[in-house]
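Welcome! Open your viewer, switch to a cartoon view, and let's take a short walk through this structure together.

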Protein chains: 2
Amino acid sequence: MNKKDIIEKLNKSGLKATHQRVAVLDALMKTKTHPSAEELYKTILKQYPTISLATVYKTLESLKEVGLVRAIKTDCDYVRYDAITTNHFHLYNPEQNKLEDYYDNDLKSIIDNYFKNKKIDNFEIKEINLQLIGEFK
Amino acid sequence: MNKKDIIEKLNKSGLKATHQRVAVLDALMKTKTHPSAEELYKTILKQYPTISLATVYKTLESLKEVGLVRAIKTDCDYVRYDAITTNHFHLYNPEQNKLEDYYDNDLKSIIDNYFKNKKIDNFEIKEINLQLIGEFK
DNA sequence: TATTAACTAGTAACGATTATTATTTAGGAA
DNA sequence: TTCCTAAATAATAATCGTTACTAGTTAATA
């Protein structure tokens with residue numbers, strides 16, 4: 001995705017398309033490692049040496065609020081981020097601290113269909129968060 | 001579950017059955033709110049006024065290592081704990097910061113069966129972590 | 001181009017968690 | 001039972017990811 005598209009994405013979400021926000025969203029969309037704010041900051045510094053770590057945090061928070069970005073909590077002690085593309089799940093290994101996307105439309109359908117029929121008392125599902133813990137081979 | 005059973009549980013797991021560990025496990029098993037270490041500490045203080053917060057943290061870590069306790073990460077900024085009984089899922093609302101157990105053997109079977117047939121390349125599942133985000137009514 | 005609300009940089013502060021260390025204790029051996 | 005010792009705890013300092021603060025800057029609109 002090029003810069004124009006990113007700027008449009010931001011504007012559509014009601015956020016000012018600042019250089020910093022474009023840089024953060026761009027960097028996050030380009031990686032598959034689900035970086036922390038700090039990792040993202042270090043990456044962005046190479047292209048944008050004056051950006052502040054606090055800005056990266058604040059930007060991620062703003063992007064999260066408008067739904068362009070998702071925070072992923074794992075067993076590790078910092079938050080990792082995910083540029084939202086489509087519904088997917090995650091594979092995680094705590095020893096390696098490795099986190100990967102897992103796309104599985106079949107499983108997604110199965111779970112979605114399940115909850116179409118089975119309603120939970122006193123709870124309305126907005127989002128399904130599935131993390132598979134295990135070992136990468 | 002009474003104290004004797006808790007002590008046995010600890011011994012079976014290879015942990016010394018100290019008063020502190022019994023108190024922590026007992027308190028965690030008695031609640032359904034999935035408390036944080038600090039909340040648990042405050043609860044335990046009433047019965048055990050000399051226990052230290054650091055001990056609660058360390059104890060939870062030990063119990064987690066042997067599989068008697070599970071850490072639950074949510075959108076909120078602290079870790080919540082769960083005395084493991086049987087496989088279950090969680091319902092969570094970020095605004096209310098409310099976290100509840102969700103038992104659903106049907107869904108559990110569906111997912112387990114799904115992964116009996118469908119293997120993920122280069123990944124062996126050890127545990128399935130499902131959080132349903134939504135609104136309590 | 002001028003205006004201004006929104007945003008950012010730099011840094012201090014916060015708070016959940018972990019590390020440290022002197023003291024205490026659980027559980028096995030004598 | 002008493003003794004012994006490795007393991008655990010209490011108290012508190014330190015850590016570190018994240019957030020708050022504030023003076024200065026900028027994107028977007030007229």
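Start by selecting residues 89–93 and 123–136 of chain A. These are strands β3 and β5, and they pair in the parallel sense over 3 bridges. Keep in mind as you look around that this is a predicted model. Now show side chains on this pair: A:Leu91 of the first stop has A:Leu132 in β5(A) standing opposite. What holds such neighbours together? Strands in a sheet pair through hydrogen bonds of the backbone, in either a parallel or an antiparallel way.

Next, color the helices. Select residues 105–117 of chain A: this is helix α5, which lies across β3 and β5 of chain A as well as β4 and β5 of chain B. Its direction is at about 145° to β5(A). Helix α5 of chain B, also residues 105–117, packs on the sheet too, touching β4 and β5 of chain A along with β3 and β5 of chain B.

Now bring up the whole sheet. In which order do the strands come? Read across β4(A)-β3(A)-β5(A)-β5(B)-β3(B)-β4(B): 6 strands in an open sheet with mixed pairing. β4 (98–102) of chain A and β4 (98–102) of chain B stand at the edges with a single partner strand each, so one side of each has no neighbour in the sheet. From one strand to the next, the twist averages 25°.

Finally, compare the two chains. A turn of 180° with a shift of 0.0 Å along the axis lays chain B on chain A, with an RMSD of 0.0 Å. The two copies are therefore related as by a two-fold rotation axis. To find that axis, select B:Leu130: among the residues of chain B, its C-alpha comes closest, at 2.3 Å.

How values were computed: Residues are numbered from 1 along each chain as its sequence is written. Chains are lettered from A and ligands numbered from 1 in the order in which they are written. This is a predicted model: local features need pLDDT of at least 70, side-chain atom pairs count only at pLDDT 80 or more; totals for chains, interfaces and linings use all residues. Side-chain values use heavy atoms; hydrogens and water are left out. Two strands pair if DSSP finds at least two bridges between them. Helices (H or I, at least four residues) and strands (E, at least two) are DSSP runs, numbered from the N terminus. Axes are lines fitted to C-alpha atoms, for helices over the stretch in contact, and angles run from 0 to 180 degrees between N-to-C directions. Contact means heavy atoms within 4.5 Å. Copies are superposed by least squares on the C-alpha atoms of residues with pLDDT of at least 70 in both.
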